[in-house]
Amino acid sequence: MTATWVSRARRDRGLPAPGLVEGVLAALLSVVPVAAACGAPLNLGTPRPGAVACLAVVAMTLPAAWARRVPLGTVSVMVIATAANGLLFGHVIRCAVALPAALIVAFGIGARLGWPRMAAGLALGVADVVIEGYYDPQISWQGLTTVVPAVLAFFGLGCLVRARNRTAWALRATSQQLRQQREETARLAVAADRAMLSAAIDDSLRDRLDVIAEIAAAGLADPDAVRRTLAAIEHDGRAALGELREVVGGLREPGAPVPVSPGPAFGETAPQPTLAQLPELLRGLPAARARLTIDGRPRALPASLELSGYRIVEHLVRALADEPGAVIDVRLHYTPEALELRVQGPAAKGADLRPVLAAARQRTALHGGTMDTRLDRGVCRTTALLPLVSGYA
């Protein structure tokens, strides 16, 4: 019945539901005058107030249930109820239940309201206890020197809670903005790599194709030089491929020089790393003990997927602690539809894992994959799933 009444009141009059904690406290405080009205042997003062006077005290305690939801309206109702109770029933002891309700409302005013409504609510709260002290022989004017500071103390406690909540909200908002900015920075870095690669490949192809076209035209004009023309075209074609490999290799690390291995005159760039080179990567860890496990049937994958898989593991390993006693587990699981990468190990102490994980997540997103990272008791567990058929490739 109570739930039905509250729901109907909210729908018909826009009255918000009472707070859980405040509702329980207000109900407990209201039980005392109701029990007194029913004839329970409670020591509420001498002479004993009548049943109507006891029930009227409920109007001073029950509104405290809305102390956090509508503090200004609640304290206004309580001031009116306290004044009416004093005028109608005179000097009766009510402080045992009325003062705790006033303190609850004072806390709600400090915790929820802002200036100038906070000042108005505090003034009404002080007026409530002053009126109560005037009509309550247990308090009287001398007791107000204790009651009013108690109301101010609960009001100040509410202000402290409000300030703490506002600080926590601001920190959460800032953290969300930083997270979005980090993701955007990683995405822009990948986009910049793509643009640089595209421009370099375009320039290189244009130059080399112009040279090959000129050589071919000269060979057609001189039939006796066909063999020399074809050899020159072969040489320049190989040189063009070498330059393209150099451009792609330069994107391995931003700003890092590309190692060149000995080879023919036109030069060869070291090939991009693949998943087959993961054992060398793990053996290169100075202190930690790394283990590589391969499940399923390993097979040749597209070069872009091989490179991304290697880089993802490289990023994730970089986020783990490389120290004596640390164990890093890397697992590759080949399925018909996807390549699953799992990296687990202790997180590096004091290190900011967010940029490294963001870079790995961007690598995964390039192939339409997903990545999940969990940090539990200092152990970082990450799973990246790269589909073998992707519209992003």
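The protein chain exposes about 22,600 Å² of surface, and carbon and sulfur atoms supply 62% of that area. These values, like those that follow, come from a predicted model. Of the 393 residues in the protein chain, 36% count as buried. The secondary structure of the chain comprises 12 helices and seven strands. Contacts across the sequence help to complete this first view: among those between residues at least 6 apart in sequence, 70% join residues at least 24 apart.

A good place to begin a tour of the surface is a nonpolar patch. This patch is formed by L20, V21, V24, L25 and L28, which together have about 490 Å² of accessible area. One of these residues, L25, is found in helix α2, which spans residues 20-37. The relative accessible area of L25 is 37%, so this residue is classed as partly exposed, a class that lies between buried, under 20%, and exposed, over 50%.

Attention now turns to the strands. Five of them form an open sheet in the order β3-β4-β5-β7-β6, and the pairing within this sheet is mixed. The edges are taken by β3 (289-295) and β6 (370-376); each has a single partner strand, so one side of each is left without a neighbour in the sheet. On average, neighbouring strands of this sheet are turned by 10 degrees against each other, with direction ignored.

The sheet can be followed strand by strand, starting from β3. Seven bridges link β3 and β4, which pair in the parallel sense; here T293 has R331 of β4 as its bridge partner. The pairing of β4 (residues 327-334) with β5 (residues 338-346) is antiparallel and extends over six bridges. Within that pair, L332 is matched with L341 of β5, and a hairpin of three residues joins β4 to β5. Further along, β5 runs antiparallel to β7 (residues 379-387), and nine bridges join the two strands. One bridge partner pair here is E340 with L385, the latter in β7.

Helices accompany this sheet as well. Helix α11, made of residues 303-318, lies across β4, β5 and β7, and runs at about 170 degrees to β7. Helix α12, made of residues 353-366, also packs on the sheet, where it touches β6 and β7. The direction of α12 makes about 155 degrees with that of β6.

Note on methods
Residues are numbered from 1 along each chain as its sequence is written. This is a predicted model: local features need pLDDT of at least 70, side-chain atom pairs count only at pLDDT 80 or more; totals for chains, interfaces and linings use all residues. Side-chain values use heavy atoms; hydrogens and water are left out. Helices (H or I, at least four residues) and strands (E, at least two) are DSSP runs, numbered from the N terminus. Buried means under 20% relative accessible area, exposed over 50%, partly exposed in between (1.4 Å probe, protein chains only). Contact means heavy atoms within 4.5 Å. Accessible areas come from the Shrake-Rupley method with a 1.4 Å probe; for residues, only the protein chains shown count as cover. Patches are made of residues with over 30% relative accessible area and no salt bridge: like charges are joined within 9 Å, nonpolar side chains (Val, Leu, Ile, Met, Phe, Trp, Tyr) within 5 Å. A salt bridge is a side-chain nitrogen of Lys or Arg within 4 Å of a carboxyl oxygen of Asp or Glu. Two strands pair if DSSP finds at least two bridges between them. Axes are lines fitted to C-alpha atoms, for helices over the stretch in contact, and angles run from 0 to 180 degrees between N-to-C directions.
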